[in-house]
Amino acid sequence: MATKNNRREFLIGSAAFSFAAAGSTGQRLFADEKSDDHEEAEISAPEDLMREHGVLNRILLVYEEAAGRLRHKEDVPAEIFQKPAEMVRKFVEDYHEKLEENFIFPQFEKHKKLTDLVAVLRQQHKAGRTVTDKILHNTAPGQYGRASARHEVVQLCDSFIRMYRPHEAREDTVLFPALYEIISAKEVKDLGEQFEDEEHRLFGKEGFEENVEKIAAIEKELGIYNLAQFTPKV
């Protein structure tokens with residue numbers, strides 16, 4: 001009888017051990033899968049720049065809407081132009097474009113590839129900064145009240161939009177895809193990590209998300225946040 005009890009206890013213990021071991025293995029496998037998923041979710045340098053273009057596109061939409069209203073003599077507060085212009089200066093020109101100018105463009109110049117395109121892109125970055133300077137100047141207190149200043153703001157927004165929509169489209173469809181042809185996948189990955197570090201240094205850990213929230217707040221103030229309102233009635 002004692003032998004049977006011992007045998008039963010041994011079998012129960014063995015089963016419990018096997019179940020625990022299986023559970024431990026499953027947990028390790030699940031952890032490995034999560035680790036793999038995390039690695040796959042890392043944002044490459046081109047993808048990082050392209051999603052920042054999404055922020056720029058939303059700024060262009062604000063400029064377009066606000067300038068259109070001003071053109072039709074509607075009352076548009078100066079801050080509707082100032083806030084996105086400040087975002088352009090800090091997030092687009094002093095951060096995003098600096099990454100392109102310091103890390104992306106030199107790669108193409110070094111390998112003598114798409115150099116004509118890069119030259120135009122550099123020139124347009126410079127022109128964009130001049131336009132932003134003028135928008136900030138004309139929307140400052142004491143300036144925006146003048147009819148001539150508001151008229152110039154409309155023209156400046158129009159020229160900024162006209163330049164940057166093809167500018168970013170050419171980068172997204174021509175320049176960034178070609179980056180993989182001139183540097184290795186590891187170098188592209190390393191660039192992405194550098195970009196992330198710089199973003200965190202300048203804007204904090206949630207820098208991109210905070211800038212998205214900022215432009216969303218301006219869209220809400222202007223009444224163009226609801227995506228459904230842009231759906232055509234067909």
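Buried means under 20% relative accessible area, exposed over 50%, and partly exposed in between, with a 1.4 Å probe and protein chains only. All the views below come from a predicted model, in which local features need pLDDT of at least 70, side-chain atom pairs count only at pLDDT 80 or more, and totals for chains, interfaces and linings use all residues. Residues are numbered from 1 along each chain as its sequence is written, and side-chain values use heavy atoms, with hydrogens and water left out.

**Figure 1. A salt bridge within helix 6, between R201 and E198.** Here a salt bridge is a side-chain nitrogen of Lys or Arg within 4 Å of a carboxyl oxygen of Asp or Glu, and helices are DSSP runs (H or I, at least four residues) numbered from the N terminus. The N to O distance for R201 and E198 is 2.7 Å. The two residues are three places apart in helix 6, so about one helical turn separates them. R201 has 58% relative accessibility and therefore counts as exposed, while E198, at 24%, is partly exposed.

**Figure 2. R51 meets both E199 and F208.** The salt bridge between R51 and E199 has an N to O distance of 4.0 Å. This pair links distant parts of the chain, with R51 in helix 2 and E199 in helix 6, 148 residues apart. R51 is partly exposed at 26% relative accessibility, whereas E199 is buried at 4%. R51 also lies over the face of F208, 3.9 Å from the ring centre; a charge sits over a ring if NZ of Lys or CZ of Arg is within 6 Å of the ring centre and within 35 degrees of the ring normal.

**Figure 3. E97 and E101 in helix 3.** E97 is buried, with 1% relative accessibility. Leaving out residues up to four places away in sequence, E97 touches V92, H125, R129 and Y164, where contact means heavy atoms within 4.5 Å. E101 forms a salt bridge with K98, at 3.9 Å between the closest N and O atoms. Of these two, E101 is buried at 11% relative accessible area and K98 is partly exposed at 34%.

**Figure 4. Tilted aromatic pairs in helix 3 and helix 5.** Rings of Phe, Tyr and Trp (its six-membered ring) pair if their centres lie within 6.5 Å; planes under 30 degrees apart count as stacked, over 60 as edge-to-face and the rest as tilted. The whole structure has seven such pairs. F91 and Y95 have ring centres 5.6 Å apart and planes at 40 degrees, so they are tilted. Both residues lie in helix 3, four residues apart, and both are buried. For F160 and Y164 the centres are 4.5 Å apart and the planes are at 40 degrees, so this pair is tilted too. F160 and Y164 lie in helix 5, are buried, and form one aromatic cluster with Y63.

**Figure 5. The largest nonpolar core, with I104 in view.** A nonpolar core is a set of buried Ala, Val, Leu, Ile, Met, Phe, Trp, Tyr and Cys residues joined through side-chain atoms within 4.5 Å. Among the 53 residues of this core, Y63, F81, I104 and L175 touch the most other members. Helix 5 gives the most, with 13 residues. Beyond its neighbours within four places in sequence, I104 has contacts that include L49, L175, F176 and F195.
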